[in-house]
Amino acid sequence: MVEVDPSGVPRHVAIIMDGNGRWANRRGLRRNAGHEAGEEALFRTVEGALALGIRDLTVYAFSTENWRRSPDEVRFLLEFNRSLLLRRVDELIDRDVRVRFIGRRGRPVPRRLVELIERTEDRTAHCRRMTLRIAFNYGARAELVDAARRTAEDLAAGRLRRIDERALAARLDDPRMPDVDLMIRTSGEQRVSNYLLWQAAYAELVFTDVLWPDFDETELARCVAAYQARDRRYGGAEDRPVGPPDAPA
Ligand code: IPE
Ligand code: IPE
Ligand code: MG
């Protein structure tokens, strides 16, 4: 059993679901089998997040850099994500989970996937218990460039008086997304890979060696417990003497 303090649950958890390819290769399977196995991990994680009372869960499904993978893997990932949405959105609606997407929706994302993304957002728009955001064709730099462009356009058109943090934040892919409290990366890699650079400015980072297809409710609870042991200071500081003073006052 993992002890989680119900009063200190992070509001927004973001996950870099990594390690699918290695999970598959270690079993003598092709990388795509790892992506398939990641589907159950995602649904276990949604269940775990609901049980813990997490309000916002954002998962990295496909990055703007992932187009560099083999045509076979890219094709598989596009089709796999589409089929996942088709097959499993009803389960999310049953659980009162709203689904939203962040990331660029233009080319080269296939038109029929974009249509399904939009339909999924519409169909789950009434759900309230948790918001599951899926980062697809997402890169934080692209998101910031797009936000900067919108800000400049609104300034030029007189819709905005000055550029500040609030103005830029309001022009990110999903302005309603709260700041990230806890960012988890699986598979032992310790990097951010262009994920939520603005929103995770003060996130606590937790890395686990578990490969994504093996991730589950217990591992999520472990990551939350690790988060709860942290001291979030946001740049502030206070004296907390623990030993004898260096010199008498
Ligand atoms: C994460 O697993 C899934 C995606 C990036 C789509 P990987 O495919 O990156 O798996 P590894 O890191 O190669 O093991
Ligand atoms: C980050 O994982 C992107 C997703 C999980 C979708 P990668 O496996 O693509 O990241 P790098 O290449 O190791 O940085
Ligand atoms: Mg990877």
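**Figure 1. The second largest pocket of the predicted model encloses about 190 Å³ of space.** The structure shown here and in the following views is a predicted model. The lining of this second largest pocket includes Glu165, Ala169, Ala170, Leu172, Asp174 and Pro175. Met177, Asp179, Trp198, Gln199, Ala201 and Tyr202 also belong to the lining of the second largest pocket. Sorted by class, eight of these lining residues are nonpolar, one is polar and three are charged.

**Figure 2. The largest pocket has a volume of about 710 Å³.** A total of 35 residues line this pocket. Nearest to the centre of the largest pocket lie Met17, Tyr60, Ala61, Asn66 and Arg69. Several elements each contribute at least two residues to the lining, among them helix 1 (20-26), helix 2 (31-52) and strand 2. Helix 3 (71-94), helix 4 (111-123) and strand 4 (130-138) likewise supply at least two residues each to the lining of the largest pocket. The lining comprises 17 nonpolar, nine polar and nine charged residues. Ligand 1 takes up space in the largest pocket, and ligand 2 sits in the largest pocket as well.

**Figure 3. Ligand 1 is surrounded by 13 residues in the predicted model.** The closest of the surrounding residues are Asp18, Gly21, Arg22, Arg31 and Arg69. Three polar contacts are shown in this view. A polar side-chain atom of aspartate 18 is placed 2.8 Å from an oxygen atom of ligand 1. At glycine 21, a backbone N or O atom lies 2.9 Å from an oxygen atom of ligand 1. Arginine 69 brings a polar side-chain atom to 2.7 Å from an oxygen atom of ligand 1. On its own, ligand 1 exposes 380 Å², of which the protein buries 87%. Helix 1, helix 2 and helix 3 are the elements that give two or more residues to the shell around ligand 1. Helix 1 gives the most to this shell, with three residues. By class, the shell around ligand 1 consists of three nonpolar, five polar and five charged residues.

**Figure 4. Ligand 2 sits in the largest pocket.** The residues around ligand 2 include Ile16, Met17, Asp18, Tyr60, Ala61 and Phe62. Asn66, Arg69, Arg185, Arg191 and Ser193 are also found around ligand 2. Two arginines and a serine supply the contacts in this view. A polar side-chain atom of arginine 185 lies 3.2 Å from an oxygen atom of ligand 2. For arginine 191, the distance from a polar side-chain atom to an oxygen atom of ligand 2 is 2.7 Å. For serine 193, the corresponding distance from a polar side-chain atom to an oxygen atom of ligand 2 is 2.6 Å. The accessible area of ligand 2 on its own is 390 Å², and the protein covers 77% of that area. Strand 2 (residues 56-63) provides the largest share of the shell around ligand 2, three residues. The shell around ligand 2 divides into five nonpolar, two polar and four charged residues.

**Figure 5. Serine 193 has a positive phi although this residue is not a glycine.** The phi angle of serine 193 is about 45°. Serine 193 is placed in the loop between strand 5 (182-185) and strand 6 (204-207). This residue is also one of those around ligand 2, and a polar atom of its side chain lies 2.6 Å from an oxygen atom of that ligand.

**Figure 6. A cis peptide bond joins arginine 107 and proline 108.** The omega angle of this bond is about 5°. Proline 108 is located in the loop between strand 3 (97-102) and helix 4.

**Figure 7. The largest cavity has a volume of about 40 Å³.** Three cavities of 30 Å³ or more are found in a search of the whole structure. The largest cavity is lined by Leu42, Phe43, Leu84, Leu85, Arg88, Val89, Leu92, Leu132 and Ile134. Helix 2, helix 3 and strand 4 are the elements that give two or more residues to this lining. Helix 3 gives the most, with five residues. Eight residues of the lining of the largest cavity are nonpolar, none is polar and one is charged.

Definitions and conventions
Residues numbered from 1 in each chain as written. Chains lettered and ligands numbered in written order. Predicted model: local features only at pLDDT ≥ 70, side-chain atom pairs only at ≥ 80, totals over all residues. Heavy atoms only, no water. Near = heavy atom within 4 Å. Polar contact = N/O pair within 3.5 Å; in protein donor to acceptor, adjacent residues only side chain to side chain. Areas by Shrake-Rupley, 256 points an atom, 1.4 Å probe, with all protein chains shown as cover. 1 Å grid on protein atoms, 1.4 Å probe; cavity = no way out; pocket = protein on both sides within 12 Å on 5 of 7 lines; lining within 4 Å. Sits in = over half its atoms within 2 Å of the grid points. Helix = DSSP H or I, 4+ residues; strand = E, 2+ residues; numbered from the N terminus. Nonpolar A, V, L, I, M, F, W, Y, C, P; charged D, E, K, R; others polar. Points joined across faces, edges and corners; volume = space filled by probe spheres on them.
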